[in-house]
Amino acid sequence: QVRLVESGGGVVQAGESLRLSCAASKTIFSINTMAWYRQAPGAQRELVALHTPAGTIDYADSVKGRFTISRDNAKSTAYLQMNSLKPEDTAVYYCAAGPQIRTRGKVDYWGQGTQVTVSS
């Protein structure tokens, strides 16, 4: 059974926007921090943003002011709104869930990944 399902990736020009979606089961979504990671070719996987059930939000320095993470409790869905995209944002983006992402960096569930490509 699929636990997390991402959508919304694609190819855009620099300066444009995309919104990624991550649909989760109700049981997973209600008790877990939701997060977005990304991995560029030849690079390490990095944390982009997270949102705890209590409302704490963190962003990587590289995306502050450009990306916004949000949660829709009714739909058990997390979103990543990406504005002013840059070529360096090109990567596979992964949704993640777990109660200890913020405290220990431990992910319990991973999505399959969605490709984001930003051309110059």
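## A charge over a ring

Over the ring of which residue does the charged end of Arg-71 sit? In this predicted model, the ring belongs to Phe-29, and the charged end of Arg-71 is 4.3 Å from its centre. Another arginine is placed over a ring as well: the charged end of Arg-45 sits over Trp-110, at 4.7 Å from the ring centre.

## Aromatic rings

Trp-110 also takes part in an aromatic pair, and the structure holds two such pairs. In one of them, Tyr-94 and Trp-110 meet edge-to-face, with 6.3 Å from centre to centre and 85 degrees between the planes. Tyr-94 belongs to strand E9 (residues 91–98) and Trp-110 to strand E10 (residues 109–110), so the pair ties together parts that are 16 residues apart in sequence. With Tyr-37 added, Tyr-94 and Trp-110 make up one aromatic cluster.

Are the two partners of this pair buried or exposed? Tyr-94 counts as buried because its relative accessibility is 15%, which is under the 20% cut-off. Trp-110 has a relative accessible area of 37% and is therefore partly exposed.

## Nonpolar cores

Nonpolar side chains tend to be buried together in soluble globular proteins. Here, the largest nonpolar core has 26 residues, of which Met-34, Leu-80, Met-82 and Tyr-93 touch the most other members. Many elements contribute: at least two residues each come from E3, helix H1 (26–31), strand E4 (33–39), strand E5 (46–51), strand E7 (67–72), strand E8 (77–82), E9 and strand E11 (114–119). Another core lies apart from this one and has six residues, among them Tyr-37, Leu-50, Ala-96 and Ile-101.

Met-34 is part of strand E4. Its relative accessible area is 0%, so Met-34 is buried. From C-alpha to C-alpha, Met-34 and Tyr-79 are 9.4 Å apart in space, while 45 residues separate their positions in sequence.

## Ser-21 and its contacts

Where is Ser-21 found? Ser-21 is in strand E3, which covers residues 18–24. With a relative accessible area of 17%, Ser-21 is buried.

Leaving aside residues up to four places away in sequence, Ser-21 touches Val-5, Glu-6, Ser-7, Trp-36, Thr-77, Ala-78 and Tyr-79. Tyr-79 thus appears both among the contacts of Ser-21 and in the C-alpha distance to Met-34.

Terms used. Residues numbered from 1 in each chain as written. Predicted model: local features only at pLDDT ≥ 70, side-chain atom pairs only at ≥ 80, totals over all residues. Heavy atoms only, no water. Helix = DSSP H or I, 4+ residues; strand = E, 2+ residues; numbered from the N terminus. Buried < 20%, exposed > 50% of the residue type's maximum accessible area, 1.4 Å probe, protein only. Contact = heavy atoms within 4.5 Å. Phe/Tyr/Trp six-rings, centres within 6.5 Å; stacked < 30°, edge-to-face > 60°. Lys NZ or Arg CZ within 6 Å of the ring centre and 35° of its normal. Core = buried A, V, L, I, M, F, W, Y, C linked by side-chain atoms within 4.5 Å.
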